[in-house]
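Let's take a look at how the strands are put together in this one. Have the model open while you read.

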Amino acid sequence: MTKKNFDENDEVPEDEGSDAAASGPSPQESPAPHENPDSSEAAAAEGSDEEPFDVAEDELTIDDILGAEQTGEAAAEDAVLADLETTLLNDLKRLQAEYANYRRRTEEQRQVEIDRAQGEVAKGLIPVLDDLDRATQHGDLVEGTPFFVIGEKIRTVVERLGVVAYGEKGEEFDPQHHEAIFQQPTPGAASSTILEVVEVGYRLGDVELRPAKVVVAVPAE
């Protein structure tokens with residue numbers, strides 16, 4: 001058997017080096033310790049199926065929306081909404097008018113009830129006023145006496161209630177407010193006038209508490 005001597009500086013044949021390299025795994029080609037090759041391949045496969053979405057092509061500007069052509073169905077819906085809005089507005093105006101009229105009628109009725117209640121109180125005082133007038137005519141109420149003071153207080157209360165006395169000699173006769181108990185033909189009388197007041201009339205606002213009873217002077221024939 002023949003011995004072959006190799007020098008230390010002799011090169012190793014390329015075939016032998018390539019076989020040695022092929023027999024061992026390469027550091028760069030070995031998988032990472034914590035990396036799953038199957039998951040990487042699945043992610044790559046999923047990413048390949050997705051298509052990029054172009055956002056700019058689907059975006060609409062305000063001008064595009066306002067300038068879009070309105071369809072017949074949309075126009076019909078707008079017309080229905082406009083009619084409904086007009087109907088509701090008219091109903092609201094009618095309700096406001098009805099409420100305003102209701103408030104006005106209520107205030108008027110309230111004032112009428114107040115005048116009526118005050119009139120009932122005043123009617124109870126009318127006989128007392130008649131007695132005071134008769135006492136004054138006969139000289140029974142002398143100024144400074146206690147009865148004179150009481151009479152003045154009663155008249156003040158009646159005035160505060162809003163009661164007004166009417167019917168004086170020489171006034172024009174008004175059949176709406178005066179009750180003629182006698183007509184006296186009077187020479188020189190050009191129209192019917194009050195010749196004498198028998199009972200003074202009283203009114204409270206528009207409420208007639210009692211008409212004035214008078215003697216009327218009429219033109220002589």
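In what sense do strand 3 and strand 6 pair, and over how many bridges? The model is a predicted one, and in it strand 3 and strand 6 (residues 212–219) run antiparallel, joined over 5 bridges. If you want a spot to click on, try Val197: its bridge partner in strand 6 is Val214.

That pair belongs to an open sheet of 3 strands, ordered 2-6-3, with mixed pairing. Strand 2 (178–186) and strand 3 (193–199) sit at the edges; each has a single partner strand, so one side of each goes without a neighbour in the sheet. From one strand to the next, the twist averages 25°.

Now for the sheet with the order 1-4-5. This is an open sheet of 3 strands too, and here the pairing is antiparallel. Its edge strands are strand 1 (163–166) and strand 5 (207–210), each pairing on one side only. Neighbouring strands here are turned by 30° against each other on average, direction ignored. Strand 1 pairs with strand 4 (residues 201–204) in the antiparallel sense, over 4 bridges. Want a residue to start from? Tyr166 stands opposite Gly201 in strand 4.

Here are the two strand pairs again, side by side:

| Strand pair | Sense | Bridges |
|---|---|---|
| Strand 3 and strand 6 | antiparallel | 5 bridges |
| Strand 1 and strand 4 | antiparallel | 4 bridges |

As a general reminder, strands of a sheet pair through backbone hydrogen bonds, in either a parallel or an antiparallel way.

Conventions. Residues are numbered from 1 along each chain as its sequence is written. This is a predicted model: local features need pLDDT of at least 70, side-chain atom pairs count only at pLDDT 80 or more; totals for chains, interfaces and linings use all residues. Side-chain values use heavy atoms; hydrogens and water are left out. Two strands pair if DSSP finds at least two bridges between them. Helices (H or I, at least four residues) and strands (E, at least two) are DSSP runs, numbered from the N terminus. Axes are lines fitted to C-alpha atoms, for helices over the stretch in contact, and angles run from 0 to 180 degrees between N-to-C directions.
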